[in-house]
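Q: I have just opened this entry and would like a guided tour. Where should we begin?
A: Let us place the sequence and the structure in view, and then go through the chains and their contacts.

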Amino acid sequence: MNTLIAIVIGALAAGGVYCLLRRSLMKLIIGIALLSQSVNLIVFSAGGLKPASPPIIESDQQILQGNYADPLPQALVLTAIVIGFGLIAFSLALIHQTYRATGHDDIQSLKNTDT
Amino acid sequence: MNTLTCILFILLLAGIAPQLQKLFGNKTGWVLAIGPILCFAWFLKLLPTISSGTAIEQSIDWFPQLGVALSFYVDGLSLLMALLISGIGSFILIYANGYLQGHPLQGKFYSYLMLFTASMLGIVTADNLIALFVFWELTSISSYLLIGFYHESGESRRKALQALLVTGFGGVALMAGFILLGLASESWSISELLNSDFSASNHTLYPAILTLILLGAFTKSAQWPFHFWLPNAMAAPAPVSAFLHSATMVKAGVFLLARLNPVLSDTLAWTLALTSFGLVTMLVGSINGLLQTDLKKILAYTTLSVLGILVMLLGLGTDLALKSCMVFLVGHALYKATLFMCAGSVDHETGVRDVTIVSGLRFAMPFTALAAGLAAFSKAGFPPFFGFLGKEYVYKTGMYLEDYSHIILGIAIVTNILLMALALKAGIHPFWGKENAKALPKNPHEAPLSMYIGPIILALTGLLFGLFPGSIVTPLISPAVHAVAGHPVEFTLAIWHGFNLPLLFSALTLIGGLVLYALRHRIWKITSTLSLNKWTFDNLYMGLFNGFVSVSKWQTQILQSGSLRRYLLIIFSTSGFLLAYKLSLFDGLPRQLDLFEARLLDWATVLFILGGICMIVKTHSRMTALLSLGLVGFGIAMVFILYGAPDLAITQILVETLIVVLFMLVIYRLPAFRDLSSNKTKFFDGIFAGTVGAIITLLVIKAQNLEIAPTVSGQFGEWSYTLAKGKNVVNVILVDFRALDTLGEITVLAIAGVGVFTLIRGQFTKKRKTK
Amino acid sequence: MMNSIILNTTARLLLPWLLLLSLVILYRGHNLPGGGFIGGLAAASGFILYVLGPGIDKARQVLKIHPETLIGLGLLISMGSGLLGIIAGKSYMAGLWMTGFTLPLLGKVHLGTPLLFDIGVYLAVAGFTLLTLFALAEIKE
């Protein structure tokens, strides 16, 4: 599965970069979304993936024992997902206002700073 | 009172000077002068203690982790310099009071001047190498403000920038040199360096240390070939020139060389470098001075020449040479400050400072004429002025040298002849000679009291020092010579040594100088026909400067074209290339890939995600793109579920849903997707993006197969319930173990929220509505 | 927006239950999947239907306080929960716990500063999401 995940990560990054390079503001944000998914998965798989149970202590146990998933990358990725969401929400507001102010959604026509 | 309070006091005055200007109006200079005068008095009080051989130390921790302390160390050399700086500084302030009377920015000028004074005091009293460097840079910055004070003039700004860049370049070198020196000696403290028997000369880093520190000192003290900024700094108002050129800025380099003399000298490299650059600077300065007709330029070139002499003397390094160096330094500070102030007065009251026009002002400006005359005699080296003593000692040093005595003596005599002629030109000619009032733009009259009191006192001091060298000057200079030499040097200065060779040389100098002076009108006539402006170092500097500017313009236009596409291509190709390069350095990829260990569900999930990505990339419909994005997100949530991360899966699903909803709210207000790019571009982008993706895939595969340090997760698993009373380890990490991080994350969210709020509901929308 | 009686009614009926659910997710997060981030997102998601159905103005009325205020409140609670550690003479963010007690329905209850902190996270995340949702829904042509 590790190799498969690596391929997925690469595909997400490739799709993200391709969308970023398009000229539409909307695709720009889709690209950002794909890239952040890719990075989230990199962090998630950093410790090596294996089918495992969630890192939750059994009700009759005191400490985490047995075959459980690594909790640390999970904590990191959880906040990263939410922050990524914040970024996309903000970007959406931003491109919307950009379009209203300039009347363009073509990035190539947004080179001037004095519109 | 201590050194730090001295400096802080002056800095405080610098801060409030513009306010004081409002309070005291045209008397502010006098009021502010109290600051340096108090410092002067305090330093003078230290003299007996320091003469007895003790140094005064004071230390305050600054960055204790790095061993950087704000510490001060006052020995003979520091004290001598501090007295010159604070003494002359107070007269400069008073002088500026008259010189810039009525200038709208006079208050600011005082601020810069005080800042400069404080940083100079810092340089000469700092004990820590880093602290010294900080003060050193502060003088560069404040002198930039001072030289460019007439900032309406483009030329003035250019020259100020030139001074800043040249001395700043030296400053960077100096910092590197200091760091190496600190590493070599394992101490950042100058006093420790001086008092230990550490000598850098047999350390492997010595060549680097010496080169870098000399670069710093030579640029600051305007040694050839960095000399060109100094005459250009004449763009500054006269008080600045008088201060920078006499006791401060340019002496900082000489001071540094003197300070580190015990640590760095006693090698051939030191002697050779200082002597040769000093000699060249001496000659370049004095010969160039001969060709000038601008009063301030003449003085500037003589300053260059004197700096050359001082550096050369330090290079020779015999006890006698060091003694001469200190004597010459004091003498020069006194007369040069005076002459500059007088030149400024002439400029101020007549409107010209061209010596071919200004002449015979002795009746119109008697006090200024008196001060200038006294200073010029000192500079020219007439007995019994102090300048005579300096020159005499230089000759003596030259005579007692073991090697190359003749060459050095010869150059010294030539330079002194030139200097003498220049002294008379700058100090005597404008006041004696024929009256020429009609040619002047202004009707000449005496400058106000504030502008001649300083010059007169300084000039009289020069005379006094010359008359009583043994009783007044010796106690001042001998501790300094002790500090520079690193061992006690016993001597008493005297002006009369009987009939001997130096006296003969002096006589020779006098005759030569007088002859040159008599020929001045002819020389000016010749120089007016010469055009010397083509191959100067100033032009070389400008060429370099312009080249630098155009290169940066060129590369900025390439890198920062304003096209997002180009930015992205540059960023991704650079980082992709670097990653691929690093990847190729490792021994390739693992032989065995675990593709076939994957379960059916894994394959399904992965294909689902890949399909979604393809849809996003290929579709022309906004809705399809959006839904595919959602599908990809759900696919990733599936991965999270398969690999034991229910928290992540839930978060991912919720976020994905929200993103789709938010997109929907916005998407229909934007135009539909159009086919903007050509097929060729799309093809190129596809290849490019595919390459980036492939590199990342390889990197991840490689990373998965590397040995990783043991994770802290096991610890978290043990503590989660026992210490933090939570069974969901992920949540415990978020709200307990790493709660501060989480606080940071929600703060980021809050800031993004403020951003959205202002974008959508803030002023922007309101403005639109009112339209 | 979409004027559908079914959607309107569903939204009205579902909202209280969704909010309650989000609170449950928040509370049980310390021991089972859930927590402040997820709870906050879930709470905000409850309003999606409300915005799409009855409309943004109604949604604001139901929420009663501004989402901005929720964000501020959340930050304040999170930071404040850390300060309690200092007041107790320990370091900032040190966990403090009340002795456990038993309640009907909830079983054995442990209350402590991490839960307080999580409540802050919940409010901040919910506030941010609602703010964006409302702001983007409110844009007028």
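A: A term is needed before the numbers: buried area is the accessible area, for a 1.4 Å probe, that two parts lose on being put together, summed over both. Please also keep in mind that this is a predicted model.

Q: Understood. What is the area buried between chain A and chain B?
A: The area buried between chain A and chain B is about 8100 Å². Carbon and sulfur atoms give 77% of that area.

Q: And how many residues of chain A are in contact with chain B?
A: On the side of chain A, 85 residues take part, and they are in contact with 95 residues of chain B.

Q: How many salt bridges are counted between chain A and chain B?
A: The count is one salt bridge. In this pair, the side chain of A:Arg22 meets the side chain of B:Asp685, with 2.8 Å from N to O.

Q: What about polar contacts there?
A: Across the interface of chain A and chain B, eleven residue pairs are found in polar contact, with both residues at pLDDT 80 or more.

Q: Which elements of chain A give two or more residues to the side that touches chain B?
A: These are α1 (2-21), α2 (25-44) and α3 (71-102) of chain A. The largest share comes from α3(A), which supplies 24 residues.

Q: How do the residues on that side of chain A divide by type?
A: The side of chain A that touches chain B divides into 57 nonpolar, 17 polar and eleven charged residues.

Q: Let us look at chain A by itself. How many helices and strands does it have?
A: Chain A has three helices and zero strands. Its pattern along the sequence is therefore written with helices alone, as α-α-α.

Q: Is chain A spread out or compact?
A: Chain A is more spread out than a compact globule, because its radius of gyration is 19 Å, well over the 13 Å that the globule rule gives for 115 residues. The C-alpha trace of chain A spans about 65 × 30 × 15 Å along its principal axes.

Q: What share of the residues in chain A is buried?
A: Of the 115 residues in chain A, 58% are buried. As for contacts within chain A with a separation of 6 or more, 53% are between residues 24 or more positions apart.

Q: Changing topic: what is the secondary structure of chain C?
A: Chain C comes to five helices and two strands. Read along the sequence, the order in chain C is α-α-α-α-β-β-α.

Q: What box do its C-alpha atoms fill, and what share of chain C counts as buried?
A: The C-alpha atoms of chain C fill a box of roughly 55 × 35 × 20 Å along the principal axes. Of the 141 residues of chain C, 51% count as buried. Among contacts in chain C with a separation of 6 or more, residues 24 or more positions apart account for 64%.

Q: Now, how many residues do chain C and chain A each bring to their contact?
A: The contact takes eleven residues from chain C and eleven residues from chain A. The area buried between these two chains is about 880 Å², of which carbon and sulfur atoms give 88%.

Q: How many salt bridges and polar contacts are there between chain C and chain A?
A: Zero salt bridges are counted between chain C and chain A. The rule also finds zero residue pairs in polar contact across this interface, with both residues at pLDDT 80 or more.

Q: Which elements of chain C supply at least two residues to that side?
A: In chain C, α2 (36-52) and α5 (113-138) each supply at least two residues of the side that touches chain A. The most comes from α5(C), with four residues. By type, the residues on this side of chain C are seven nonpolar, three polar and one charged.

How values were computed. Residues are numbered from 1 along each chain as its sequence is written. Chains are lettered from A and ligands numbered from 1 in the order in which they are written. This is a predicted model: local features need pLDDT of at least 70, side-chain atom pairs count only at pLDDT 80 or more; totals for chains, interfaces and linings use all residues. Side-chain values use heavy atoms; hydrogens and water are left out. Contact means heavy atoms within 4.5 Å. A salt bridge is a side-chain nitrogen of Lys or Arg within 4 Å of a carboxyl oxygen of Asp or Glu. A polar contact is a pair of N or O atoms within 3.5 Å; within protein, one must be able to donate a hydrogen and the other to accept it, and residues adjacent in sequence count only if both atoms are side-chain atoms. Ala, Val, Leu, Ile, Met, Phe, Trp, Tyr, Cys and Pro count as nonpolar, Asp, Glu, Lys and Arg as charged, and the others, Gly among them, as polar. The radius of gyration is taken over C-alpha atoms; the globule rule is 2.2 Å times the number of residues to the power 0.38. Buried means under 20% relative accessible area, exposed over 50%, partly exposed in between (1.4 Å probe, protein chains only).
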